[in-house]
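Please work through the exercises below with the sequence and the model at hand. Each task is followed by a solution in steps.

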Amino acid sequence: MSSLSELEHRVHTCTLCKIGDLKEVVKHYPIHSFGNPHGKELLVVGLNPSTREYEDNYVSSSKDPEKRHDSQMNYFQHGYYGFFTKLEKFFQGEAKTALKWVNTPWEKVGFTDLTKCPTRNEKGQWTQIKTSQKRLIINNCQQYLVEQIDQIKPKAILAYGADACRCFYPGYKQDDAFTTMKKKPVILVPQRQGGYPIQIIQIIQHQIAETLLE
Ligand SMILES: [Zn+2]
């Protein structure tokens, strides 16, 4: 018997992005989440997992969906990709106090992506993929995110990346960056090449604290 939930099983065995010209950009198994997102107060929703997670063996590429799932659930228990280390700055200071984590922010913070399939073409990762392909992949995957959020019921979501912001807030503009959309609530954080100045990091920490302590 499988220990995977019905939704987890569907995500791990999804082949929607393995057809047509998407086949050329989607060559790895889907990623359900990094770490266990269940029971986390804050859920970060990124855009697209990196193919390097598989290429550099941060996650298992076993044929067995349970083995892949386990390696993703235990993701933060071994060395992980530098992308996440950068994110950890958002959970320091005021945010640390509000989240009440002790050894690592990932005790209290979950992470999943809007799209579950890592993508790459000859030019690079997600940003280099054709817009039409991006649209198709988002279309294929976004229902999984809706169901995940429904099950996880995080107190707050941090949308990381402009496309992730747009998914929660279709009218998203640059001026909305680093604010919180109150209804859900969703903190909007576009990604930036080269990282953020300390003032912006503190604003994000403040948004997290304010949202969680409300
Ligand atoms: Zn997909």
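The exercises concern a predicted model and proceed from the whole chain to single residues.

**Exercise 1. Overall build**

Determine how many helices and strands the chain has, and establish whether its radius of gyration agrees with that of a compact globule.

Solution. Step 1: the assignment gives 8 helices and 5 strands. Read along the sequence, these elements follow the pattern α-β-α-α-α-α-β-α-β-α-β-β-α.

Step 2: for 214 residues, a compact globule would have a radius of gyration near 17 Å, and the chain has 17 Å, so the two agree. The C-alpha trace spans about 45 × 40 × 30 Å along its principal axes.

Step 3: buried residues make up 39% of the 214 residues. Among contacts with a separation of 6 or more, 73% are between residues 24 or more positions apart.

**Exercise 2. The sheet**

State in which order the strands form the sheet, which strands lie at its edges, and in which sense β3 pairs with β1 and with β5.

Solution. Step 1: the 5 strands form an open sheet in the order β2-β1-β3-β5-β4, with mixed pairing. The edge strands, each paired on one side only, are β2 and β4 (180-181).

Step 2: strands of a sheet pair through backbone hydrogen bonds, either parallel or antiparallel. Take the pairs in turn. β1 and β3 run parallel and are joined by 4 bridges; in this pair L43 stands opposite I157 of β3. The pairing of β3 with β5 is likewise parallel, over 4 bridges, and Y160 stands opposite V189 of β5.

Step 3: β4 and β5 (residues 186-189) run antiparallel and are joined by 2 bridges. Here M181 stands opposite V186 in β5.

**Exercise 3. Burial of β3 and the nonpolar core**

Establish how many residues of β3 are buried, and identify the residues with the most contacts inside the largest nonpolar core.

Solution. Step 1: in β3, 5 of its 5 residues are buried. A156, L158 and Y160 point one way from the strand, while I157 and A159 point the other way. Residues on both of these sides are thus buried.

Step 2: the largest nonpolar core has 48 residues, and those with the most contacts inside it are L42, V44, V45, L158, A159, I187 and I208. The elements that give two or more residues to this core are β1, α5, β2, α6 (131-152), β3, α7 (162-168), β5 and α8.

Step 3: consider V45 as one of these core residues. Leaving aside neighbours within four places in sequence, V45 is in contact with T112, D113, L114, L145, I157, A159, Y160 and A164.

**Exercise 4. Two helices**

Find which strands α8 lies across, and determine where around the axis of α3 its buried residues are placed.

Solution. Step 1: α8 (residues 198-213) lies across β1 (42-46), β3 (156-160), β4 and β5. The angle at which α8 runs to β5 is about 175 degrees.

Step 2: the buried residues of α3 are R68, H69 and Q72. Because they cover an arc of only 100 degrees around the axis, they lie on the same side of α3. What covers these residues includes α1 (6-12).

**Exercise 5. Loop residues**

For N57, K100 and G195, find the loop in which each is placed and decide whether each is buried or exposed.

Solution. Step 1: N57 is in the loop between α2 (52-55) and α3 (65-73). A residue counts as exposed if 12 or fewer other C-beta atoms lie within 10 Å of its own. N57 has 10 such neighbours and is therefore exposed. Although N57 is not a glycine, its phi is positive, about 60 degrees.

Step 2: K100 is in the loop between α5 (94-99) and β2 (109-113). With 10 other C-beta atoms within 10 Å, K100 is exposed. K100 also has a positive phi of about 60 degrees without being a glycine.

Step 3: G195 is in the loop between β5 and α8. G195 has 11 C-beta neighbours inside 10 Å and so counts as exposed. G195 and K86 are 109 residues apart in sequence, yet their C-alpha atoms are 7.8 Å apart in space.

Methods
Residues are numbered from 1 along each chain as its sequence is written. This is a predicted model: local features need pLDDT of at least 70, side-chain atom pairs count only at pLDDT 80 or more; totals for chains, interfaces and linings use all residues. A residue is buried if 20 or more other C-beta atoms lie within 10 Å of its own, exposed if 12 or fewer, and partly exposed in between; C-beta atoms are placed from the backbone. The arc is that of the directions from the helix axis to the C-beta atoms. Two residues are in contact if their C-beta atoms, placed from the backbone, lie within 7 Å. The radius of gyration is taken over C-alpha atoms; the globule rule is 2.2 Å times the number of residues to the power 0.38. Two strands pair if DSSP finds at least two bridges between them. Axes are lines fitted to C-alpha atoms, for helices over the stretch in contact, and angles run from 0 to 180 degrees between N-to-C directions. A nonpolar core is a set of buried Ala, Val, Leu, Ile, Met, Phe, Trp, Tyr and Cys residues joined through C-beta atoms within 7 Å.
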